[in-house]
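Trainee: I am new to this structure and should like to go through it by question and answer. May we begin once it is before us?

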Amino acid sequence: MRKFFYASDIGDLGKALSEARELKRNRLAYKSLGEGKTIMLVFFNSSLRTRLSSQKAALNLGLSPIVLNIGQDSWKLETELGVVMDGDKSEHLREAIPVMGCYCDLIGVRSFAGLKDREADYAETVLEQFVQYSGRPVISLESATVHPCQAFADLITIDEYKRRPRPKVVLSWAPHPRALPQAVPNSFAEWMLAAGMDLVITQPEGYELDPRFTAGARIEYDQMRAFEGADFVYAKNWSCPGVSDPSRYGQIICSDPSWTVGERQMTVTDNAYFMHCLPVRRNVVVTDAVIDSPASLVIPEAANREISVQVVMKRMLESL
Ligand code: CP
């Protein structure tokens, strides 16, 4: 595997889930696989779970992690081609990426969407430069439009807790004071559909996600109706994807607090589990009562981040 951006990059999801179960039972089973090898974890943006789970997974595989926080530990990097570099950015990605590639065997990169230029974000311009110029396999640790390590961990969690073979999974938009990227909901929808789940997406009008990730899902604008009979509820905010109106890309177009996931919505589900990728704003995205209830899976989900990224690193090491 040379890159990990999409569900299709990992191949058969049944096999990937079996491998995740096996690794979870014995995390150190492949301790010698990464011996003498290094993974560089490059962060253009903040992280808690992704940073820690990736370092832990690397250590489980005997792989040495190097973490680089761009702009804090390094020079500020220019990402646009053709610009006159007379501002505060001292180095261009075009040199920095192949240099990073000299010092490692695998690379993981976190680089969020700018939310200004839809075309550039949806072309994954930063991550694709890492693929092109590093000479190393590249893992998206949440890039402009996808967060595959999170979606794979979410799938592992649903597989562990499901009470029927094809559960009803509801992805619900929720309010947020800041404009957030679409990477998490895009990947969640993509992976749920690839795994054959009964996926319903509920959101206010104008928040339709890109159909390349959601084709096959049922869209329901009435949140209460969407929640009826659900087995899993996944709450997440995202900014306007600009599918029907590109001029609104990245904007907040609804702040309606009635979309906050609370007991009112959860009561119409089939005792659904509550999920969120974290970090989460309590009493904005979800009420205290729901996230603190026994139905909340937010901690098991975060724990599975170590497993999902370990499967990916293992596959990449095996294909070096
Ligand atoms: N869910 C997730 O990716 O968390 P971090 O942003 O803390 O890494």
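Trainee: Which backbone nitrogen lies 3.3 Å from a polar atom of the side chain of S47?
Mentor: In this predicted model, S47 belongs to the loop between β2 (38-43) and α2 (49-60). Its side chain reaches the backbone nitrogen of R51 at 3.0 Å. The backbone nitrogen at 3.3 Å from a polar atom of that side chain belongs to T50.

Trainee: How many Å separate the C-alpha atoms of S47 and V170?
Mentor: Along the chain, S47 and V170 are 123 residues apart. In space, their C-alpha atoms are separated by 26 Å.

Trainee: S47 also takes part in the shell around the ligand. How many residues of that shell are nonpolar, polar and charged?
Mentor: The ligand is surrounded by S47, L48, R49, T50, R110, H147, Q150, C277, L278 and R305. Arginine counts as charged, and leucine and cysteine count as nonpolar. The shell therefore divides into 3 nonpolar, 4 polar and 3 charged residues.

Trainee: Which residue has an N or O atom in its side chain 3.0 Å from a nitrogen atom of the ligand?
Mentor: Two other polar approaches involve oxygen atoms of the ligand: a polar backbone atom of L48 is 2.7 Å from one, and a polar side-chain atom of H147 lies 2.8 Å from one. The nitrogen atom of the ligand is 3.0 Å from the side chain of Q150.

Trainee: How much of the accessible area of the ligand does the protein cover?
Mentor: On its own, the ligand has 260 Å² of accessible area. The share of this area covered by the protein is 93%.

Trainee: What distance separates the end C-alpha atoms of helix α12?
Mentor: Helix α12 comprises residues 298-318, which is 21 residues. At 1.5 Å a residue, the helix should span 30 Å. The distance found agrees with this expectation, because the end C-alpha atoms are 31 Å apart.

Trainee: At which residue does α12 bend?
Mentor: The helix is mostly covered, with 16 of its 21 residues buried. Its bend is about 30°, and the residue at which α12 bends is N304.

Trainee: Is E220 buried or exposed?
Mentor: E220 lies in strand β10 (residues 218-220), and a polar atom of its side chain lies 3.0 Å from the backbone nitrogen of D222. The relative accessibility of E220 is 12%. Buried means under 20%, so E220 counts as buried.

Trainee: Which two residues does a cis peptide bond join?
Mentor: Most peptide bonds are trans. Here, omega is about 5° at a bond whose second residue, P279, is in the loop between β12 (273-275) and α11 (288-291). The cis peptide bond joins L278 and P279.

Trainee: E124 and N271 each have a positive phi. Is E124 buried or exposed?
Mentor: Most residues other than glycine have a negative phi. Phi of E124 is near 50°, and E124 lies in the loop between α4 (118-122) and α5 (125-134). With a relative accessible area of 3%, against a cut-off of 20%, E124 is buried.

Trainee: Is N271 buried or exposed?
Mentor: N271 is found in the loop between α10 (263-266) and β12, and its phi is about 50° although it is not a glycine. Its relative accessible area is 61%. A residue over 50% counts as exposed, so N271 is exposed.

Note on methods:
Residues are numbered from 1 along each chain as its sequence is written. This is a predicted model: local features need pLDDT of at least 70, side-chain atom pairs count only at pLDDT 80 or more; totals for chains, interfaces and linings use all residues. Side-chain values use heavy atoms; hydrogens and water are left out. A residue is near a molecule or strand if one of its heavy atoms lies within 4 Å of it. A polar contact is a pair of N or O atoms within 3.5 Å; within protein, one must be able to donate a hydrogen and the other to accept it, and residues adjacent in sequence count only if both atoms are side-chain atoms. Accessible areas come from the Shrake-Rupley method with a 1.4 Å probe; for residues, only the protein chains shown count as cover. Helices (H or I, at least four residues) and strands (E, at least two) are DSSP runs, numbered from the N terminus. The expected span of a helix is 1.5 Å times one less than its number of residues. The bend at a residue is the angle between axes fitted to the seven residues ending there and the seven starting there. Buried means under 20% relative accessible area, exposed over 50%, partly exposed in between (1.4 Å probe, protein chains only).
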